[in-house]
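This report considers the open and enclosed spaces of one protein model and the groups of residues packed inside it. Please examine the sequence and the structure before reading on.

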Amino acid sequence: MNIQVKQRITLKIRRMGVNGEGIGFYQKTLVFVPGALKGEEVYCQVTAVKRNFIEARLLKVNRASKFRVDPACPLYKLCGGCQIMHLRYDQQLHFKTDLLRQALKKFQPQGFENYEIRPTIGMEEPSYYRAKLQFQTRLMKGHVQAGLYAEHSHRLIAIQDCLVQDKMTQKVINQVGVLLTKHRIPIYDERRAGGIRTVMVRRARETGQIQLIFVTSRQVNLTKLVEELVGQFPEIVTVAVNWHARKSSEIYGEKTEIIWGQEAIEEAVLDYEFSLSPRAFYQLNPEQTQVLYGEAVKALALQGHEQLSDAYCGVGTIGFAFAKKVKSVRGMDLIPEAIADAKRNAARLGLKNTDYEVGRAEDIIPRWYKAGYRADALIVDPPRTGLDEQLLETIVRYQPEKMVYVSCNVSTLARDLVQLAKVYQVDYIQSVDMFPHTARTECVVKLQRRKG
């Protein structure tokens, strides 16, 4: 390619990529331009020249898309938490449907051209939707600040009012910063000091209960801070400490200890309630979780006689939606606290047909099958990495009659469908906008075993 770093070029943006960036072509080479929108003509500066593509920084929009809007957040260009707030919301939904089509075209699972791709289901009010906050902490000019790292860096952007974060969790984290400063709690510094690294605040939308986790690399005394904090916020019912001394990008260490209050908060979805321990996974957007789980129930279309396997079950939330509609539910998860919650939740709901184990789905499901268990229906809700190869092989080998795949990553979904589509018919894919203003979406895929 006859192009150099720092060279300035004009581009027509042809489409948008998986990270929300604009994509154009220069000398038949892909150019990725964050902040550019489909249909725009932009002036940009090359920042990196790779073997098969170019990265560039947006300098000026020569001809703007009619769907470009001014982001409401003053920190939008700094923090990196959102990627497409400059795109009108109805068009964000079209973009997320298009992302799915792009992923399918790239991996080309059997029959993908004929899949029914349903329009993305959005929110009426796509703001302040995140019920869980995880902010890093840093000591800056004598004051503790909490926020997110700027994209591709460890430079903290202090955030006092996040437009996608639940307002109460934001109020709590703001006060946590004040109290960490007041009580001179040690704060983590990558170069020299140990202390508080991250603070997690989660609020149950149904009950309003709040829980916190202080992630720390060393012993800290939080007694006075917690006393003040819970006095100011009576909604707080759980405070925990997570020990994470290793230098790594992972947010949490292995050990979590409750230091104040009860073990869990109470939340609800669809028509049932459940408990959430501090480390247990639950969807970030409670309002859209109602929609997502409703779509999963609709897609599985159970008759009442089925044995259901719930892979990556968390605290059991998806499985509970089916428990009264099937003969049995079996689930598994890597986090012991989540499985303990699942068992407690099932008991509280009076469910006698559930069984939960700690471990990897790719290890447990094959063991169940070897012991003679046969699932008629399967629901999988894996992390962004998608299905483990061993689990995929097990599914293809034993072929439960019905399957629903809940995905938070269209790329790994499309990749996994290459194997699944060999034995399953993809009836439809329904995307749900769980993360407005970001380049991410969730999908519910209805699959049925092929006949013959």
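## The second largest pocket

In this predicted model, strand S3 (29-33) and helix H2 (89-107) each contribute at least two residues to the lining of the second largest pocket. Helix H2 provides the largest share of that lining, with 6 residues. The space in the second largest pocket amounts to about 430 Å³. Its lining consists of 15 residues, and those closest to the centre are Arg 15, Val 18, Ile 23, Gln 102 and Lys 106.

Sorted by class, the lining of the second largest pocket comprises 6 nonpolar, 4 polar and 5 charged residues.

## The annotated N-terminal segment

An unreviewed UniProt entry assigns the annotation "domain: TRAM" to residues 2-60. Across residues 2-60, the chain is 61% strand and 0% helix. The C-alpha atoms at the two ends of this segment lie 22 Å apart.

## The enclosed cavities

The structure contains 2 cavities of 30 Å³ or more. The largest cavity has a volume of about 50 Å³. Ser 309, Ile 365, Tyr 369, Leu 378, Thr 394, Ile 395, Tyr 398 and Pro 400 form its lining. Helix H8 (361-370) and helix H9 (389-398) each supply at least two of the lining residues, and H9 gives the most, with 3 residues. By class, the lining of the largest cavity has 6 nonpolar and 2 polar residues, and no charged ones.

The second largest cavity has a volume of about 30 Å³. Which residues line the second largest cavity? They are Ala 131, Arg 202, Arg 203, Ala 204, Glu 267, Leu 276, Tyr 282, Gln 283 and Pro 286. This lining divides into 5 nonpolar, 1 polar and 3 charged residues. Charged residues are thus present in the lining of the second largest cavity, whereas the lining of the largest cavity has none.

## The nonpolar cores

The largest nonpolar core is made up of 83 residues. Within this core, the residues with the most contacts are Val 176, Leu 180, Leu 212, Phe 214, Leu 225, Ile 236 and Phe 322. When residues up to four places away in sequence are not counted, Val 176 touches Val 199, Leu 212, Phe 214 and Leu 229.

A second, separate core has 44 residues, including Leu 87, Phe 112, Tyr 369 and Ile 429. Tyr 369 belongs to this second core and also helps to line the largest cavity.

Key: Residues are numbered from 1 along each chain as its sequence is written. This is a predicted model: local features need pLDDT of at least 70, side-chain atom pairs count only at pLDDT 80 or more; totals for chains, interfaces and linings use all residues. Side-chain values use heavy atoms; hydrogens and water are left out. On a 1 Å grid over the protein atoms alone, a cavity is a set of points where a 1.4 Å probe fits but cannot get out, and a pocket is an open set with protein on both sides within 12 Å along at least five of seven lines; lining residues have an atom within 4 Å of a point. Grid points are joined across faces, edges and corners, and a volume is the space filled by probe spheres set on the points. Helices (H or I, at least four residues) and strands (E, at least two) are DSSP runs, numbered from the N terminus. Ala, Val, Leu, Ile, Met, Phe, Trp, Tyr, Cys and Pro count as nonpolar, Asp, Glu, Lys and Arg as charged, and the others, Gly among them, as polar. A nonpolar core is a set of buried Ala, Val, Leu, Ile, Met, Phe, Trp, Tyr and Cys residues joined through side-chain atoms within 4.5 Å. Buried means under 20% relative accessible area, exposed over 50%, partly exposed in between (1.4 Å probe, protein chains only). Contact means heavy atoms within 4.5 Å. UniProt positions are given in the numbering used here, feature names are shortened, and annotations may be inferred rather than shown by experiment.
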